[in-house]
Amino acid sequence: MRRKIIAGNWKMNLSLNEAKSIAKGLVGASNVSPHEVMVFPSAIHLGVVSEIANGSKLIVGAQNAYQAELTAMTGEISPVQLAEMGIRTVLVGHSERRQFLGETSEFDNAKLSFFLNKGLRVIYCVGETWSEREKGNTFSVLSDQIKKGLKDIPSDQFKNLVIAYEPVWAIGTGKVATPKEAEEAHAYIRKEISSLFVGGEDIANKIQILYGGSVKPDNIASLLSQPNIDGGLVGGASQKLDSFLGLLK
């Protein structure tokens, strides 16, 4: 049975004191939760939050990294540097990086390949815009992002891969895909992953697929009740301790 994941993506939010406070409050909760609990702080807070989480079940991940060892790449972070802080989980392909920073699925494929080869755990984000959904292109967009992003990734590396379906139109807008809409997209993603390999059904059945997009304590239960939704990648509701704890109930 696939374990549920509740992951908080703090994006470019929270002061250092706020990040520390939430992390301290999550340590105990993560130790008793049946779910995997993750936080993705701003890069500048990674070291402090990782120290707070040390020895607990709270997983601290990076919102971004570059696909190289230590090298001349101004403004980027190497997985080698992340490992020094005990960080082995990375987000790839978040819609904000695609939309505003020009990341493509092909570029994300290079990241995925490098990180997975290094034994990191990766959450790969996919999702359509509102205009793409209105035109009936949701499934074709997801297929393109899956096939290009996961191109040539060996089947044995999928054990360290998580997919996050984040409809762009639902991120920070208050709009939420209905459980039925989200389930349809998750089921389609699982089918696409199955098609990547001969006998890929087993891989597809084991991979965790998260939903992201205005997830809150009052709607998470209905989303997680769907058979193909394995957790949430949460933005705003993860940035206050009480609402984060509400997601774990």
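Colleague: Is Trp-130 buried, partly exposed or exposed?
Modeller: This is a predicted model, in which local features need pLDDT of at least 70 and side-chain atom pairs count only at pLDDT 80 or more, while totals for chains, interfaces and linings use all residues. Residues are numbered from 1 along each chain as its sequence is written, and side-chain values use heavy atoms, with hydrogens and water left out. Buried means under 20% relative accessible area, exposed means over 50%, and partly exposed lies in between, with a 1.4 Å probe and protein chains only. Because its relative accessibility is 38%, Trp-130 counts as partly exposed.

Colleague: How many aromatic pairs does the structure hold?
Modeller: Rings of Phe, Tyr and Trp (its six-membered ring) pair if their centres lie within 6.5 Å; planes under 30 degrees apart count as stacked, over 60 as edge-to-face and the rest as tilted. By this definition, the number of aromatic pairs in the structure is five.

Colleague: What is the arrangement of the rings of Trp-130 and Trp-169?
Modeller: A pair of aromatic rings is described by the distance of the centres and the angle of the planes. For Trp-130 and Trp-169 the centres are 5.3 Å apart and the planes stand at 65°, so the pair is edge-to-face.

Colleague: Where does Trp-169 lie?
Modeller: Helices (H or I, at least four residues) and strands (E, at least two) are DSSP runs, numbered from the N terminus. The pair links distant parts of the chain, 39 residues apart, with Trp-130 in helix H6. At 8% relative accessibility, Trp-169 counts as buried. Its place is the loop between E6 and H8.

Colleague: Which residue forms an aromatic pair with Phe-139?
Modeller: The pair is stacked, at 4.5 Å centre to centre and 10° between the planes. Phe-139 lies in helix H7 and its partner in helix H8, 49 residues apart, so that distant parts of the chain are linked. Phe-139 is partly exposed at 38% relative accessibility, whereas the partner is buried at 15%. The partner is Tyr-188.

Colleague: How far apart are the end C-alpha atoms of helix H7?
Modeller: Helix H7 covers residues 138–149, which is twelve residues. The expected span of a helix is 1.5 Å times one less than its number of residues, so H7 should span 16 Å. The model agrees, the distance between its end C-alpha atoms being 16 Å.

Colleague: Which elements do the buried residues of H7 pack against?
Modeller: The buried residues of this helix are Thr-138, Val-141, Leu-142, Ser-143, Gln-145, Ile-146 and Gly-149. Contact means heavy atoms within 4.5 Å. These buried residues pack against helices H4 (95–101), H5 (105–117), H6 (130–134) and H8 (179–194), and against strands E5 (121–126) and E6 (161–165).

Colleague: Which residue of helix H8 meets Lys-147 in a salt bridge?
Modeller: A salt bridge is a side-chain nitrogen of Lys or Arg within 4 Å of a carboxyl oxygen of Asp or Glu. Here the N to O distance is 3.8 Å, and the pair links helix H7 to helix H8 across 45 residues. Lys-147 is partly exposed at 44%, whereas its partner is buried at 6%. That partner is Glu-192.

Colleague: How many residues apart are Glu-184 and Lys-180?
Modeller: The two residues form a salt bridge, with their closest N and O atoms 2.7 Å apart. Glu-184 is partly exposed at 38% relative accessibility, and Lys-180 is exposed at 58%. Both lie in helix H8, where about one turn of the helix separates them, and the spacing is four residues.

Colleague: Which residue forms a salt bridge with Glu-69?
Modeller: The closest N and O atoms of the pair are 2.4 Å apart. The pair joins distant parts of the chain, 49 residues apart: Glu-69 is in the loop between strand E3 (59–60) and helix H3 (79–84), and its partner is in the loop between H5 and E5. Glu-69 is partly exposed at 37%, as is its partner at 38%. The partner is Lys-118.

Colleague: Which residue of E7 stands opposite Tyr-165?
Modeller: Two strands pair if DSSP finds at least two bridges between them, and E6 and E7 pair in the parallel sense over four bridges. Both faces of E7 (residues 208–211) are covered, with Gln-208 and Leu-210 buried on one side and Ile-209 and Tyr-211 buried on the other. The residue opposite Tyr-165 is Tyr-211.
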